[in-house]
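Me: Please take a close look at one part of this model, the binding site, and give the contacts with their distances. Then follow the chain outward from there.

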Amino acid sequence: MIKEKAKIAVFISGRGTNLKALILRSNKKTCNYKIAYVISNKRNAAGLKIAKKNQIITKVISQSFLKKIEQKKLAKILINKNIKFICLAGFMKILSPYFLNFFKNRIINIHPSLLPKYKGLNTHKRAIEAKEKFSGCTIHYVSKKLDSGKIIAKKKVKIFKKDTLKKLEKRVLKEENKLYPLVLEKLVRS
Ligand code: GRF
């Protein structure tokens, strides 16, 4: 019997390379998930174009998402669509505990550092300045505290002596784009 693909919602704010990587993988016959919904808090996020090109339903959330009633509305939509996991991919808003509660252990995020080191922004810059030997990325469950939920997977990336921020960022992003689809497939399977 062919099992139905698990439905995934992806939350974005920007360019969407991770979204694209997730979609590309999902287009494979053997992949066990499909991206069913893309949500952005930025109307002009480039990732929205990627979603539309792939015939994925999109939704832009506005400032009113700060209100519980709006959060509940979106949660209901996602629940009615039978969304199994929510993947944050460059989503620059903090989700409230109220919203998280609708999807306990079902919201994951990708972060460009080897957590628990360098939570928050400017991760590679801080890693270079601290003369770290490695940077990398981490996929983790989303909890109330920023970038602090249970870690699911990490990928290390070497920092070279002559590395620039741009070069390092590019190398880590490449690994992010590989890791996210693999981890999601594994999660869906488990
Ligand atoms: C990635 O580096 C991700 O780790 C961070 O935001 C960036 C998003 O990039 N949370 P993209 O929009 O997926 O290209």
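Reply:

**Ligand site and its surroundings**

In the side chain of Arg15, an N or O atom is 2.6 Å from an oxygen atom of the ligand. The model is a predicted one, and the distances here are computed from it. At Gly16 the partner is in the backbone: an N or O atom there lies 2.8 Å from a ligand oxygen. A nitrogen atom of the ligand is 3.1 Å from a polar backbone atom of Ile110. The residues around the ligand are Arg15, Gly16, Thr17, Asn18, Gly90, Ile110, His111, Pro112 and Glu176.

Two stretches of this list lead outward. Thr17 and Asn18 are among the residues around the ligand, and helix 1 spans residues 17–26. Helix 1 packs on helix 2 (residues 46–53), with an angle of about 15° and axes 9 Å apart. The two helices are therefore roughly parallel to each other, and their crossing is right-handed. On the helix 1 side, Leu19, Lys20 and Ile23 make the contact; Gly47, Ile50 and Ala51 do so on helix 2. By class, this contact has four nonpolar residues, one polar and one charged.

The other stretch includes Ile110 and His111, also listed around the ligand; strand 5 covers 107–111. Between strand 5 and helix 5 (123–129) is a loop that contains Pro116. The peptide bond from Leu115 to Pro116 is cis, with omega near 10°. Asn122 belongs to the loop between strand 5 and helix 5 as well. Its phi is near 50°, a positive value in a residue other than glycine.

Terms used. Residues are numbered from 1 along each chain as its sequence is written. This is a predicted model: local features need pLDDT of at least 70, side-chain atom pairs count only at pLDDT 80 or more; totals for chains, interfaces and linings use all residues. Side-chain values use heavy atoms; hydrogens and water are left out. Axes are lines fitted to C-alpha atoms, for helices over the stretch in contact, and angles run from 0 to 180 degrees between N-to-C directions. Helices (H or I, at least four residues) and strands (E, at least two) are DSSP runs, numbered from the N terminus. Angles under 35 degrees count as roughly parallel, over 145 as roughly antiparallel, 65 to 115 as roughly perpendicular and the rest as oblique. A crossing is left-handed if the near helix is turned anticlockwise from the far one by less than a right angle, and right-handed if clockwise. Contact means heavy atoms within 4.5 Å. Ala, Val, Leu, Ile, Met, Phe, Trp, Tyr, Cys and Pro count as nonpolar, Asp, Glu, Lys and Arg as charged, and the others, Gly among them, as polar. A residue is near a molecule or strand if one of its heavy atoms lies within 4 Å of it. A polar contact is a pair of N or O atoms within 3.5 Å; within protein, one must be able to donate a hydrogen and the other to accept it, and residues adjacent in sequence count only if both atoms are side-chain atoms.
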